[in-house]
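Reader: I would like a close look at a single part of this model, taken slowly and in connected prose. Please begin with the question I put below the display and build outward from there.

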Amino acid sequence: MEGILWKWTNYWSGWQTRWFTLEDGILSYYMSRDEVGQGCKGSMKVSALEIIVSNIDSTRMDLVVPGDRRVMYLRAATSYDRQQWLVALGSSKACLTTTPLTTITSTGTTTSTPVILASGDSFRGKKVELKLYADLLMQQVHMVKEAAKNQDIQTMVEGTNLIAATCDTLVKNLEDYIELVSDDEKSHLKDSGIDSCLNNTNGHNNKRTKKTLSCNGIY
């Protein structure tokens, strides 16, 4: 994933646009897109980051390295853009296998794009996505409640549309998680030999049933 984000530089220059790229678990930034081939100005390993989502500013997210003084304060152009970055960062941090990543566009529609990630814990990655969407949903509900209190009709309409799209995506991710659990249970049954034992038991019971019916003159 790549695109423009606003990065806090200092109190003199304030927020400045930078071109960010997320590739192979590394978040890098450049002064502009044209400088991508000339070396980045800075980078952070996503697996070492803590992602803090602002409850006040719907476009802001802070990236913190625990035990280090490095903090990267970022802002996206819109809350939709921030959501896409949050999910991409969260999925990269979780080290998922190749999986379709569902995001919400600025029009409120959902799209799926393949995300190439290292092999690892799919359950953990899906939980990260679910947690991100749950947090975003709570923020959107809070936004609508505040808009209703202030009788801001336009914000209420925008917020409810966003909530609907987020709910759809959250449900889709829940369905994916349930499917992962189901596949994992089947795999464990097969590996442990329980599945074959059940099949053998069923086969033995069928033979006994046939023998009984034959003795009764029915078979």
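Does W15 count as buried, partly exposed or exposed, and what is its relative accessibility?

Author: W15 counts as partly exposed, because its relative accessibility in this predicted model is 24%, and a residue is called buried only under 20%. W8 is likewise partly exposed, with a relative accessible area of 25%. The two tryptophans form a pair that is classed as edge-to-face, because their ring centres are 5.5 Å apart and their planes stand at 70°, whereas the cut-off for that class is over 60 degrees. The count of aromatic pairs comes to 3, and one aromatic cluster is made up of W8, Y11 and W15. A charged residue also takes part in the surroundings of W15, since R75 lies over the face of this ring, at 5.3 Å from the ring centre.

R75 leads on to strand β7, which spans residues 71-75. This strand has two faces: the covered one carries M72 and L74, while V71, Y73 and R75 are on the uncovered one. On one side, β7 pairs with β6 (residues 60-64) in the antiparallel sense, over 5 bridges. Within that pairing, V64 stands opposite V71, and R60 has R75 as its bridge partner, so that the arginine lying over the ring of W15 is also the residue of β7 that faces another arginine across the strands. The hairpin of β6 and β7 has 6 residues between the strands, and among them G67 takes a positive phi near 80°.

Strand β7 also pairs with β1 (residues 2-10), again antiparallel, though here through 2 bridges. In this pairing the bridge partner of K7 is L74, a residue of the covered face of β7.

These pairings belong to an open sheet of 7 strands, whose order is β4-β3-β2-β1-β7-β6-β5 and whose pairing is antiparallel. The edge strands, each of which pairs on one side only, are β4 (42-45) and β5 (50-53). From one strand to the next, the twist averages 35°. At the β5 edge, the neighbour is β6, to which β5 is joined by 4 antiparallel bridges and by a hairpin of 6 residues. Across these strands, I51 stands opposite L63 in β6.

The sheet can then be related to the nonpolar core. In general, nonpolar side chains in soluble globular proteins tend to be buried together. The largest core here has 28 residues, of which F20 and L27 touch the most other members. Strands β2 (14-23), β3 (26-30), β6 and β7, together with the helices α1 (79-94), α2 (122-149) and α3 (153-192), each supply at least two residues of this core. The largest share, 6 residues, comes from α2.

A last point concerns the cysteines. The structure holds 0 disulfides. C40 counts as partly exposed, because its relative accessibility is 36%, and C167 is placed in that class because its value is 30%, whereas the exposed class begins over 50%.

To return to the part you asked about, W15 is partly exposed, shares an aromatic cluster with W8 and Y11, and has R75 over the face of its ring, while R75 itself is on the uncovered face of β7.

Key: Residues numbered from 1 in each chain as written. Heavy atoms only, no water. Pairing = 2+ DSSP bridges. Axes fitted to C-alpha atoms, helices over the stretch in contact; angles between N-to-C directions. Phe/Tyr/Trp six-rings, centres within 6.5 Å; stacked < 30°, edge-to-face > 60°. Buried < 20%, exposed > 50% of the residue type's maximum accessible area, 1.4 Å probe, protein only. Lys NZ or Arg CZ within 6 Å of the ring centre and 35° of its normal. Disulfide = S-S within 2.5 Å. Core = buried A, V, L, I, M, F, W, Y, C linked by side-chain atoms within 4.5 Å.
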